[in-house]
Amino acid sequence: ERGITILAKCTSILWDKGGEDYRLNIVDTPGHADFGGEVERILGMVDGCVILVDASEGVMPQTKFVLSKALARGLKPMVVLNKVDRPSANPDQALNEIFELFLALGASDEQADFPILYASGKEGWAKVNMSDEQKDLTPLFELIVRHVPDPAPIQHKDEPFAFLVTMLDSDAFLGRVLTGRVESGRVKVGDNVKALSRDGKEIERGRLTKLLSFRGLKRVPVESAEAGDIIAIAGLTDTTVADTIGAVDLAAPLPSTPIDPPTLAITVSINDSPLAGRAGDKVQSRVIRARLLAEAESNVAIRVTETANKD
């Protein structure tokens, strides 16, 4: 999307550190304030964060927005100054801007004492000091493992299965695909589950037809998942973002951020202008209706309601 993240995306990396295997789950979050609470929901899924700042452009408005949300959740950010290999890069000035931003946003002493890395995403290296050798991204992975605590849900492995839906997607073969982090318990393909809304009302019951885990940039089918895993679930039709999916005996939903209501309302109706039918080919009401309903299936910021006369 040419540098603008308009949808959150999940990935994971398997990293071998001297015989110890780590899986790093990574979520790329939108940087803007206009995604219906998506940034807050994404931050609820993670235990640490990396603030990525362009060494030549410095701090941008979206950096301020996302950082304020991360600090409010008590996360301890790591700062990566990217594109330091550019001739126009000024890492010292960018670092001063970041530090001033942390103070302006009321960061605690612990949060303001953030670790720093210098990197080039394009060339695939990171280093602790500008004078260090440029090799690979190992310093970044080492910092994440050292700085970020183990996922909090790991302690709840033996409790009933509970999963908070953070992202919504639609697939031609699987139908509605719901992504989030398993907050407690274990789940496997074929399990019967129920979905609860934020206020505890039961939305539906169903059977999980598919569990997908993130490996690199791909979604890979898996047979089971446990507390701490970020997965995608298929098999439910009415459940949406901010709802809780859990074992049939789950008593209460997980706390979640409500979806912001839409800020703009429009009516799509038959074109009665004198120029009707002169341009475009997707002009039939059924085609437009199908497209709007398909968008609402994967975009939580949109609500589509039909008029009584269906025009």
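Is Lys 83 buried, partly exposed or exposed?

The solution begins with the cut-offs, where buried means under 20% relative accessible area, exposed means over 50%, and partly exposed lies in between (1.4 Å probe, protein chains only). Lys 83 has 30% relative accessibility, so Lys 83 counts as partly exposed.

The structure is a predicted model, in which local features need pLDDT of at least 70 and side-chain atom pairs count only at pLDDT 80 or more, while totals for chains, interfaces and linings use all residues. Residues are numbered from 1 along each chain as its sequence is written, and side-chain values use heavy atoms, with hydrogens and water left out.

**Exercise 1.** Find the salt-bridge partner of Lys 83 and state which parts of the chain the pair ties together.

Step one is the rule: a salt bridge is a side-chain nitrogen of Lys or Arg within 4 Å of a carboxyl oxygen of Asp or Glu. Side chains of opposite charge can pair when their charged atoms come close. Step two applies the rule, and the side chain of Lys 83 meets that of Asp 54 in a salt bridge of 3.4 Å, N to O. Step three places both residues, using helices (H or I, at least four residues) and strands (E, at least two) that are DSSP runs, numbered from the N terminus. Asp 54 lies in strand 3 and Lys 83 in the loop between strand 4 and helix 3 (91-104), so the pair ties together parts that are 29 residues apart in sequence. Step four concerns cover: Asp 54, at 11% relative accessibility, counts as buried.

**Exercise 2.** Describe the sheet that contains strand 3 and strand 4.

Step one is the pairing rule, by which two strands pair if DSSP finds at least two bridges between them. Step two gives the order, which is 3-4-5-6 in an open sheet of four strands with mixed pairing. At its edges stand strand 3 (50-54) and strand 6 (125-127), each of which pairs on one side only. Step three looks inside the sheet, where strand 4 (residues 78-82) and strand 5 (residues 116-120) run parallel and are joined by three bridges; the bridge partner of Leu 81 in strand 5 is Tyr 118.

**Exercise 3.** Describe the sheet of eight strands and one pair of strands within it.

Step one gives the order of this open sheet, 11-10-16-7-8-15-12-13, with antiparallel pairing. Its edge strands are strand 11 (202-207) and strand 13 (218-222), and each pairs on one side only. Step two takes strand 12 (residues 210-215) and strand 15 (residues 230-234), which pair in the antiparallel sense over four bridges. Leu 212 stands opposite Ala 232 in strand 15.

**Exercise 4.** Work out how Glu 297 is paired, and how far each partner is covered.

Step one names the partner: Glu 297 forms a salt bridge with Arg 176, and the closest N and O atoms are 2.7 Å apart. Step two locates the pair, with Glu 297 in helix 6 and Arg 176 in strand 8, so that distant parts of the chain, 121 residues apart, are linked. Step three compares cover: Glu 297 has a relative accessible area of 24% and is partly exposed, whereas Arg 176 has 14% and counts as buried.

**Exercise 5.** Give the salt-bridge count and name the members of one network.

By the rule of Exercise 1, the count comes to 15 salt bridges. Lys 157, Asp 158, Arg 186 and Glu 226 are joined into one network by salt bridges that share partners.
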